[in-house]
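Here's a quick briefing to read with the structure open beside you. Take a look at the picture first, then work through the points below.

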Amino acid sequence: MKGTNFNELSREELNEKILDLKKQLFNLRFQMAINSLQDTSSVAKTKRDIARAKTALRNLELKAQA
């Protein structure tokens, strides 16, 4: 997600974004399995976005504990 700063989103928005990205990843994997995916790097990009969102969510949890 270019231009999306996950650190500016709330906890609910991050959870929603993670779910959307996981659905997108599922669809990309399905397309790759049936050989209809043109841009195979989009799978890795989506995985990185999921990791970024989870990291931002964990940072929010740590700030709430402190």
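Let's start with Arg-52, which counts as partly exposed because its relative accessibility is 45%, a value in between the 20% limit for buried and the 50% limit for exposed. Keep in mind that you're looking at a predicted model. Arg-52 has a salt-bridge partner, Asp-49, and we'll get to that pair after a look at the whole chain.

**The whole chain**

- The secondary structure is quick to list: the chain has 2 helices and 0 strands.
- How does the chain's radius of gyration compare with the globule rule? It comes to 14 Å, well over the 11 Å that the rule gives for 66 residues, so the chain is more spread out than a compact globule.
- If you draw a box around the C-alpha atoms along the principal axes, it measures roughly 50 × 20 × 15 Å.
- Of the chain's 66 residues, 23% count as buried.
- Helix α1 covers residues 11-33, and α2 covers 41-65, with a loop between the two.

**Two salt bridges in helix α2**

- The count of salt bridges comes to 2.
- One of them joins the side chains of Arg-52 and Asp-49, with N to O at 2.9 Å.
- Both Arg-52 and Asp-49 sit in helix α2, and they're 3 residues apart, which is about one turn of the helix.
- Is Asp-49 buried or exposed? Asp-49 is buried, because its relative accessible area is 6%, and anything under 20% gets that label.
- So this bridge links a partly exposed Arg-52 to a buried Asp-49.
- The other bridge pairs Glu-61 with Arg-58, and here the closest N and O atoms are 3.4 Å apart.
- Glu-61 and Arg-58 are also 3 residues apart in helix α2, about one turn of the helix.
- Glu-61 is partly exposed, with a relative accessible area of 32%, and Arg-58 is partly exposed too, at 42% relative accessibility.

**A negative patch on the surface**

- Which residues gather in a patch of negative charge on the surface? They're Glu-12, Glu-13, Glu-16 and Asp-20.
- Glu-12, one of the patch residues, is found in helix α1.
- Why does Glu-12 count as exposed? Its relative accessibility is 57%, and the label applies to values over 50%.

**The loop and Asn-35**

- Asn-35 lies in the loop between α1 and α2.
- Its phi angle is near 60°, and that's a positive value in a residue other than glycine.
- Asn-35 counts as exposed, with a relative accessibility of 70%.
- How far is Asn-35 from Leu-19 in space? Their C-alpha atoms are separated by 24 Å, and the two residues are 16 residues apart along the chain.

**Sequence distance and distance in space**

- Asn-15 belongs to helix α1 and is partly exposed, with a relative accessible area of 36%.
- Asn-15 and Leu-57 are 42 residues apart along the chain, and their C-alpha atoms are separated by 7.9 Å.
- Lys-45 is part of helix α2, and it's partly exposed, with a relative accessible area of 45%.
- Between Lys-45 and Leu-25 there's a C-alpha separation of 9.5 Å, and these two are 20 residues apart along the chain.
- Lys-17 lies in helix α1 and counts as partly exposed, at 23% relative accessibility.
- Lys-17 and Phe-6 are 11 residues apart in sequence, and from C-alpha to C-alpha they're 9.2 Å apart in space.

Key:
Residues numbered from 1 in each chain as written. Predicted model: local features only at pLDDT ≥ 70, side-chain atom pairs only at ≥ 80, totals over all residues. Heavy atoms only, no water. Patch = residues over 30% accessible without salt bridge, like charges linked within 9 Å, V, L, I, M, F, W, Y side chains within 5 Å. Areas by Shrake-Rupley, 256 points an atom, 1.4 Å probe, with all protein chains shown as cover. Salt bridge = Lys/Arg side-chain N within 4 Å of Asp/Glu carboxyl O. Lys, Arg positive; Asp, Glu negative; His and termini not counted. Charge placed at Lys NZ, Arg CZ, Asp CG, Glu CD. Helix = DSSP H or I, 4+ residues; strand = E, 2+ residues; numbered from the N terminus. Buried < 20%, exposed > 50% of the residue type's maximum accessible area, 1.4 Å probe, protein only. Rg over C-alpha atoms; globule rule 2.2 N^0.38 Å.
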